[in-house]
Amino acid sequence: MPERRVVITGMGVVTPVGNSLETFWSNLKNGVSGIRTIDAFDTTEYDCKIGGQVRDFDPKPFFKNPKDVRRTDRFTHLAMAAAKMAVADSGIDIDNLKERDRFGVIVSTGIGGLKTLQDQLQDPVDEGARAKLALHDPNVDQQHGWRRHLDGVRPARPESLYRYRLRYIEQRHR
């Protein structure tokens with residue numbers, strides 16, 4: 001197999017420690033913790049009331065179509081923002097790329113999109129054929145007009161859930 005070269009040209013992060021590369025790195029160096037009281041959902045029934053939660057984040061600037069913000073999971077919002085920050089950080093002029101099929105972004109997540117997955121596995125049971133599917137995959141390639149989709153890096157078990165979800169979406173849209 002021929003050796004392939006990969007160049008990391010830019011980085012982007014959206015985390016509990018910071019929503020930009022500069023803030024993230026500064027907070028890491030200064031020992032700032034991103035762990036606080038959870039307010040994204042009701043923790044009444046849970047023993048643990050603290051966690052790492054992304055705060056003060058607006059996904060709208062990272063999507064071309066405002067409807068996509070409503071149609072996608074928060075995981076996708078965070079992934080799209082980090083990917084677009086990485087592209088901006090790279091300094092590459094995307095509009096003038098000659099070989100778009102040699103350029104892309106890899107998005108990595110531990111398991112992402114569980115809220116959507118949970119809702120949509122339950123929706124067909126509750127609503128039958130009327131259930132609506134949210135867009136789950138952060139399709140960075142489509143947002144930039146790149147020719148091929150570069151799949152993200154995901155652990156083995158969530159991968160099977162993710163693949164199941166994609167197959168379900170593909171079958172519904174045929």
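Which residues make a nonpolar surface patch of about 370 Å²? The legends below begin with the answer and then turn to other parts of this predicted model.

**View 1. A nonpolar patch on the surface of the predicted model.** Val-6, Ile-8 and Met-11 together make this patch, which covers about 370 Å². One of its members, Met-11, lies in the segment before helix H1, which runs over residues 21-29. Met-11 counts as partly exposed, because its relative accessibility is 48%, and exposed would require over 50%.

**View 2. The whole protein chain, as a setting for the closer views.** The secondary structure consists of 6 helices and 2 strands, and, when read along the sequence, these elements follow the pattern α-β-β-α-α-α-α-α. The protein chain has 174 residues, of which 39% count as buried, while the area that the chain exposes is about 12,200 Å², with carbon and sulfur atoms supplying 53% of it. Among the contacts that join residues at least 6 apart in sequence, 58% are between residues at least 24 apart.

**View 3. A salt bridge between Arg-55 and Asp-39.** Side chains of opposite charge can pair when their charged atoms come close. A search of the whole structure finds 3 salt bridges, and in the one shown here, between Arg-55 and Asp-39, the closest N and O atoms are 3.1 Å apart. The pair links distant parts of the chain, 16 residues apart, since Arg-55 sits in the loop between strand S2 (50-52) and helix H2 (66-71), whereas Asp-39 sits in the loop between strand S1 (35-37) and S2. The two partners also differ in how they are covered, for Arg-55 counts as buried at 18% relative accessibility, while Asp-39 is exposed, with a relative accessible area of 54%.

**View 4. A salt bridge between Asp-58 and Lys-60.** Here the side chains of Asp-58 and Lys-60 meet, with a distance of 3.9 Å from N to O. Asp-58 has a relative accessible area of 38% and is therefore partly exposed, whereas Lys-60, at 57% relative accessibility, counts as exposed.

**View 5. A salt bridge within helix H2, between Asp-68 and Arg-71.** The closest N and O atoms of this pair are 3.7 Å apart. Because Asp-68 and Arg-71 are 3 residues apart in helix H2, about one helical turn separates them. An α-helix has 3.6 residues a turn, so residues three or four places apart point the same way. Even so, the cover over the two residues is not alike, because Asp-68 is buried, with a relative accessible area of 15%, and Arg-71 is partly exposed, with a relative accessible area of 40%.

**View 6. Helix H3 and the residues at its two ends.** Helix H3 takes in residues 74-90, and, because each of its 17 residues is reckoned at 1.5 Å, the helix should span 24 Å, which agrees with the 24 Å that separates its end C-alpha atoms. The helix is mostly covered, with 14 of its 17 residues buried. At the N-terminal end, Asp-73 acts as a cap, and a side-chain oxygen of this residue lies 2.8 Å from the backbone nitrogen of Phe-75. After H3 comes Gly-91, which has a positive phi, near 75°.

Terms used
Residues numbered from 1 in each chain as written. Predicted model: local features only at pLDDT ≥ 70, side-chain atom pairs only at ≥ 80, totals over all residues. Heavy atoms only, no water. Helix = DSSP H or I, 4+ residues; strand = E, 2+ residues; numbered from the N terminus. Buried < 20%, exposed > 50% of the residue type's maximum accessible area, 1.4 Å probe, protein only. Contact = heavy atoms within 4.5 Å. Areas by Shrake-Rupley, 256 points an atom, 1.4 Å probe, with all protein chains shown as cover. Patch = residues over 30% accessible without salt bridge, like charges linked within 9 Å, V, L, I, M, F, W, Y side chains within 5 Å. Salt bridge = Lys/Arg side-chain N within 4 Å of Asp/Glu carboxyl O. Expected span 1.5 Å × (residues − 1). Polar contact = N/O pair within 3.5 Å; in protein donor to acceptor, adjacent residues only side chain to side chain.
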